[in-house]
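The following exercises concern strand pairing and aromatic contacts in a predicted model. Each task is followed by a solution in steps.

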Amino acid sequence: MNEIEIRGKISPTRFKELKILLEKSGRLLKHYHRLSVDVSPGFDEKTRTWNNPSGLDLRVKKSDNEEKISLKIGHFYEKERSEIDVALVPGEFLNAITLLDSLGYSKGMVYFWESWEFEYKGSEIKLSKYSDAYYIWEIESKNTSDPDVLAVELNLTPFTKEENTRSNDWENINLHKLYSKKLVLALLQKVDIF
């Protein structure tokens with residue numbers, strides 16, 4: 001399935017304002033805490049960056065009790081990418097990581113955040129909190145509409161290709177952790193929502 005999606009950074013104040021608007025005028029689809037293990041090809045542990053000409057984005061995701069393996073095809077800065085999700089039986093998250101690790105996908109990053117997904121004007125808007133000072137928004141078109149039109153209406157500025165790269169690099173240095181199964185196990189045991 002192809003997805004058409006844009007994203008950008010948002011201030012804590014604007015995040016609260018937009019969340020209130022979406023709670024009032026949209027429909028809350030999901031609220032969850034996400035643990036994501038990104039083992040995409042081409043990861044350099046020293047620089048915490050990817051050299052990934054294949055454009056394959058391979059992750060194992062746990063959103064509260066929902067677990068899946070997710071493969072996006074296309075570069076992370078592209079507006080339209082193919083996405084393939086394979087749902088896992090709850091409790092198989094660690095087995096999926098072990099499977100990918102055994103296949104050579106053993107380097108990457110671990111992400112953790114809280115998200116609210118809303119349906120609003122035919123699109124899906126996701127607001128994500130990574131820390132008390134760092135928030136991201138995403139708009140995914142669920143029909144033929146252009147998500148940029150809705151972004152303009154909501155006074156949101158999507159990342160350019162360069163801003164997206166800088167944002168990912170900053171997040172990998174300042175927010176996210178280097179992947180290890182030991183770290184993932186510790187996070188699963190420590191976080192009471194799992």
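Two strands are taken as paired if DSSP finds at least two bridges between them.

**Exercise 1.** Determine in which sense strands S1 and S7 pair, and over how many bridges.

*Solution.* Strand S1 covers residues 2–10 and strand S7 residues 80–88. DSSP must find at least two bridges for a pair. S1 and S7 have 3 bridges and run in the antiparallel sense. Within S7, Ser-82 is the bridge partner of Asn-2.

**Exercise 2.** Identify the residue of S7 that stands opposite Ile-73, and describe the connection between S6 and S7.

*Solution.* Strand S6 (residues 66–73) pairs with S7 in the antiparallel sense, over 7 bridges. Opposite Ile-73 stands Ser-82 of S7. S6 and S7 form a hairpin with 6 residues between them. In the turn, Gly-74 has a positive phi of about 125 degrees.

**Exercise 3.** Classify the ring pairs that Tyr-134 forms with Tyr-130 and with Trp-170.

*Solution.* The model has 7 aromatic pairs. For Tyr-130 and Tyr-134, the centres are 5.8 Å apart and the planes stand at 80 degrees, an edge-to-face pair. Both Tyr-130 and Tyr-134 are buried. For Tyr-134 and Trp-170, the centres lie 4.9 Å apart with the planes at 25 degrees, so this pair is stacked. Tyr-134 belongs to strand S10 (residues 134–141) and Trp-170 to helix H4 (residues 161–174), so the pair ties together parts 36 residues apart in sequence.

**Exercise 4.** Is Trp-170 buried or partly exposed?

*Solution.* Buried requires under 20% relative accessible area. Trp-170 has 40% relative accessibility and therefore counts as partly exposed, whereas Tyr-134, at 4%, counts as buried.

Conventions:
Residues numbered from 1 in each chain as written. Predicted model: local features only at pLDDT ≥ 70, side-chain atom pairs only at ≥ 80, totals over all residues. Heavy atoms only, no water. Helix = DSSP H or I, 4+ residues; strand = E, 2+ residues; numbered from the N terminus. Phe/Tyr/Trp six-rings, centres within 6.5 Å; stacked < 30°, edge-to-face > 60°. Buried < 20%, exposed > 50% of the residue type's maximum accessible area, 1.4 Å probe, protein only.
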